[in-house]
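Biologist: Please take a close look at one part of this model, the spaces within it, and at what surrounds them. I should like the account to begin with the cavity and to proceed from there to the pockets and the neighbouring elements.

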Amino acid sequence: MRARYGIPLGITAVGAASVVYAAGFEVRSFRLRRVEVPVLPPGMRPLRVLQISDIHMVSGQNKKRRWLQSLAGLRPDFVINTGDNLSDPEAVPEVLDALGPLMELPGAYVFGSNDYYGPKLRNPARYLVERAHGKHGLNGNPPVQGAIHNPWQEMRDSFDTAGWIGLNNTRGRLKLGDGTEIALTGLDDPHIKRDRYGMVAGGPSSDADLSLAVVHAPYLRVLDAFAADGYPLILAGHTHGGQLCVPFYGALVTNCDLDTRRVKGLSTHRAGGRTAYMHVSAGCGTNRYTPVRFACPPEATLLTLTPGA
């Protein structure tokens, strides 16, 4: 009897311990990733950019709120928020409280699908099925029925009032204290087909010190357009870094058509004979119905932009 049941019981114990770790510890084990990207013109001073993404705030997540507030102590030159701030229609005040100290700094933002719509309970295995069939979000899937509409307008208005630049299918500029001008080109969320590249096409601004591209979900059609137009750096989120990863292997899904090799961190993307750096944030939250992370801690990223070769 011991020989027959010892292995299954052992597997069950390991599985249970993994769930406890993923839901009880790692999902609240917030990290700061530091990355250096050589994209500035020669002779330009380094710039420090704080990227936050996929907060997925739920009322009562006080540790996450305090951690986000503490990031203002890094004193970056500017902040980029790559969307999915909400996972609870009632959590807008807590998002604004968490980001309050950061909103005193120059910044810009795009929205993701979870800013517009509330989360729904779904089987996590569907992400594997969608990956196999090349369907993600509204890209190939039927429209969502009975969606909960979030009060995103209040969040947008607060960001705008603080001076953050909205980049949903538009361009904007940040002027830093030393006179440095950053041109930003952003898209609304491709995951729900709100991206309209034709509205922002044309490539980097020639009269800015640096041009950056910003989007929530790193779909290939968007990455191709940005890279082919000559943007040196694309910032995105959405993937959660895979969220549930296999140790020593990595992510199983990206929740878009991006390959799992580039599910998070710094990589490159080539299109139209040009190559852009791309940074995908693993984000610092989860859907409220799947509050677990495994081998993929929640994060924000401090990118130091330096002169290129």
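**The largest cavity and its surroundings**

Modeller: The lining of the largest cavity is made up of three nonpolar, two polar and two charged residues. The model is a predicted one, and every value that follows is computed from it. The residues in question are K120, L121, R122, Y127, N287, Y289 and T290. The space they line amounts to about 50 Å³, and the count of cavities of 30 Å³ or more comes to one.

Some of these residues serve a second space. R122, Y127 and N287 line the cavity, and they also belong, together with H191 and N255, to the residues nearest the centre of the largest pocket. That pocket holds about 1100 Å³ and has a lining of 39 residues. By class, the pocket lining contains 18 nonpolar, 16 polar and five charged residues. Helices α4 (113-116) and α5 (125-133) each contribute at least two residues to it. Helix α5 makes the greatest contribution, namely five residues.

Which residue of helix α5 deserves individual attention here? E130 has its place in that helix. With a relative accessible area of 7%, E130 falls under the 20% limit and therefore counts as buried. Beyond its neighbours within four places in sequence, E130 is in contact with R122, K135, H136, N141 and N255. Two of these contacts lead back to the largest pocket, since R122 and N255 are among the residues nearest its centre. R122 is also part of the cavity lining. A further link joins distant parts of the chain: E130 and V253 are 123 residues apart in sequence, yet their C-alpha atoms are separated by 9.3 Å.

A further pocket leads to another helix. The second largest pocket has a volume of about 240 Å³. Its lining consists of 15 residues, and V27, R28, Q61, K64 and P291 are those nearest its centre. This lining divides into five nonpolar, six polar and four charged residues.

K64 provides the connection to helix α2 (residues 62-70), in which K64, R65, W67 and L68 are buried. These four span an arc of only 165° about the axis, so they lie on the same side of α2. An α-helix has 3.6 residues a turn, so residues three or four places apart point the same way. The buried residues of α2 pack against β1 (31-40), β2 (47-52), α3 (92-99) and β12 (299-307). How buried or exposed is N62, which is also found in helix α2? N62 is partly exposed, at a relative accessible area of 34%. Its C-alpha atom is separated by 8.8 Å from that of E94, which lies 32 residues away along the chain.

Three of the strands met by α2, namely β1, β2 and β12, belong to an open sheet of six strands with mixed pairing, in the order β1-β12-β2-β3-β4-β5. The edges are formed by β1 and β5 (165-166); each has a single partner strand, so one side of each lacks a neighbour in the sheet. Further inside the order, strand β3 (residues 78-81) pairs in the parallel sense with strand β4 (residues 107-109) over three bridges. One such pairing sets V79 opposite G107 in β4.

Other pairings centre on strand β7 (residues 181-186). Five of its six residues are buried, so the strand is largely enclosed by the rest of the structure. Strand β6 (residues 170-175) runs antiparallel to β7 and is joined to it by six bridges. In that pairing, T170 stands opposite G186. The hairpin formed by β6 and β7 has five residues between its strands, and G179 in this hairpin adopts a positive phi near 95°. Strand β8 (residues 210-214) also pairs with β7, here in the parallel sense and over five bridges. Within that pairing, T185 has A213 of β8 as its bridge partner.

To return to the starting point, R122 draws several of these descriptions together: it lines the largest cavity, lies among the residues nearest the centre of the largest pocket, and is in contact with the buried E130.

Key:
Residues numbered from 1 in each chain as written. Predicted model: local features only at pLDDT ≥ 70, side-chain atom pairs only at ≥ 80, totals over all residues. Heavy atoms only, no water. Buried < 20%, exposed > 50% of the residue type's maximum accessible area, 1.4 Å probe, protein only. Pairing = 2+ DSSP bridges. 1 Å grid on protein atoms, 1.4 Å probe; cavity = no way out; pocket = protein on both sides within 12 Å on 5 of 7 lines; lining within 4 Å. Points joined across faces, edges and corners; volume = space filled by probe spheres on them. Nonpolar A, V, L, I, M, F, W, Y, C, P; charged D, E, K, R; others polar. Arc of directions from axis to C-beta. Contact = heavy atoms within 4.5 Å.
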